[in-house]
Amino acid sequence: MPQASAAVSRRLIVALSGASGAIIGIRLLQILALSSLETHLIISPAAMQTIAAETDWNVASLEKLASVVHPHRDVGASIASGSFQTMGMVIAPCSVKTLSSIAYGITDDLTARAADVCLKEGRPVIAVYREAPLHIGHLRALTQFAEMGGIVFPPVPAFYARPTSIDVMVDQIVGRILDRLGMDNTLVNRWTGHHSDSQ
């Protein structure tokens, strides 16, 4: 009987869309670059603008963190097919447009197509959704996405950890994303219960 390859479970798709919070996707890629994962990266044109506006990174340097880089419009890429096995996908950050495209099956770019493929194959798709406040259209798209099996993951700071900088907050969020994928990490300042000196 043919044996399943362990390598297929060590591939992860990472996409950056144009929402604010590019540093979350960048930090995720930095951490994954230290692992044995094969990462497949998509950066949308809007994400390129956000990266330039919000960070000191350039796209060329960011692409070097990934194993494979796919053009945003290449719907013929390997990750556009369900036969190309991965452990799932993280969209960080995820814009309203990207989330809505996935939720309603508008797969006219590679991010939406790859996410649609992962969902139909029962693989996790984590959308680090960056928008607030939310109107009813957002909520309906988020509900549709969740009903399809998507994971809505707003980048909510863990204030109980008393973060001392944006970097610490970002690490906590990235660590929780890795937790959701079942990947051990030391980025998360984990809650151990409320301890009081009084008896």
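**Exercise 1. State the volume of the largest pocket and describe its lining.**

The largest pocket has a volume of about 200 Å³. The model is predicted: local features need pLDDT of at least 70, side-chain atom pairs count only at pLDDT 80 or more, and totals for chains, interfaces and linings use all residues. Residues are numbered from 1 along each chain as its sequence is written, and side-chain values use heavy atoms, with hydrogens and water left out.

Step 1. Fix the terms. On a 1 Å grid over the protein atoms alone, a pocket is an open set of points where a 1.4 Å probe fits, with protein on both sides within 12 Å along at least five of seven lines; lining residues have an atom within 4 Å of a point. Grid points are joined across faces, edges and corners, and the volume is the space filled by probe spheres set on the points.

Step 2. List the lining. Among its residues are Ser20, Gly21, Glu54, Arg130, Pro155 and Met169.

Step 3. Sort by class. The lining has 8 nonpolar, 2 polar and 2 charged residues; Pro counts as nonpolar and Gly as polar.

Step 4. Assign elements. α1 and α7 each supply at least two lining residues, and the largest share, 4 residues, comes from α7. Helices (H or I, at least four residues) and strands (E, at least two) are DSSP runs, numbered from the N terminus.

**Exercise 2. Check the length of α1 and place this helix in the largest nonpolar core.**

Step 1. The expected span is 1.5 Å times one less than the number of residues. For the 12 residues of α1 this gives 16 Å, and the end C-alpha atoms are 17 Å apart, which agrees.

Step 2. Buried residues (under 20% relative accessible area, 1.4 Å probe, protein chains only) in α1 include Ala22, Gly25, Leu28 and Leu32.

Step 3. A nonpolar core is a set of buried Ala, Val, Leu, Ile, Met, Phe, Trp, Tyr and Cys residues joined through side-chain atoms within 4.5 Å. The largest has 33 residues, with Leu16 and Val90 making the most contacts inside it. α1 gives the most to this core, with 7 residues.

**Exercise 3. Derive the strand order and locate β2.**

Step 1. Two strands pair if DSSP finds at least two bridges between them. The open sheet of 6 strands has the order β3-β2-β1-β4-β5-β6, with parallel pairing; its edge strands are β3 and β6.

Step 2. β2 pairs with β3 over 3 bridges, and 6 bridges join β1 to β2. Histidine 40 has valine 68 in β3 as its bridge partner, while leucine 16 has isoleucine 43 in β2.

Step 3. In β2, 5 of the 6 residues are buried.

Terms used. Buried < 20%, exposed > 50% of the residue type's maximum accessible area, 1.4 Å probe, protein only.
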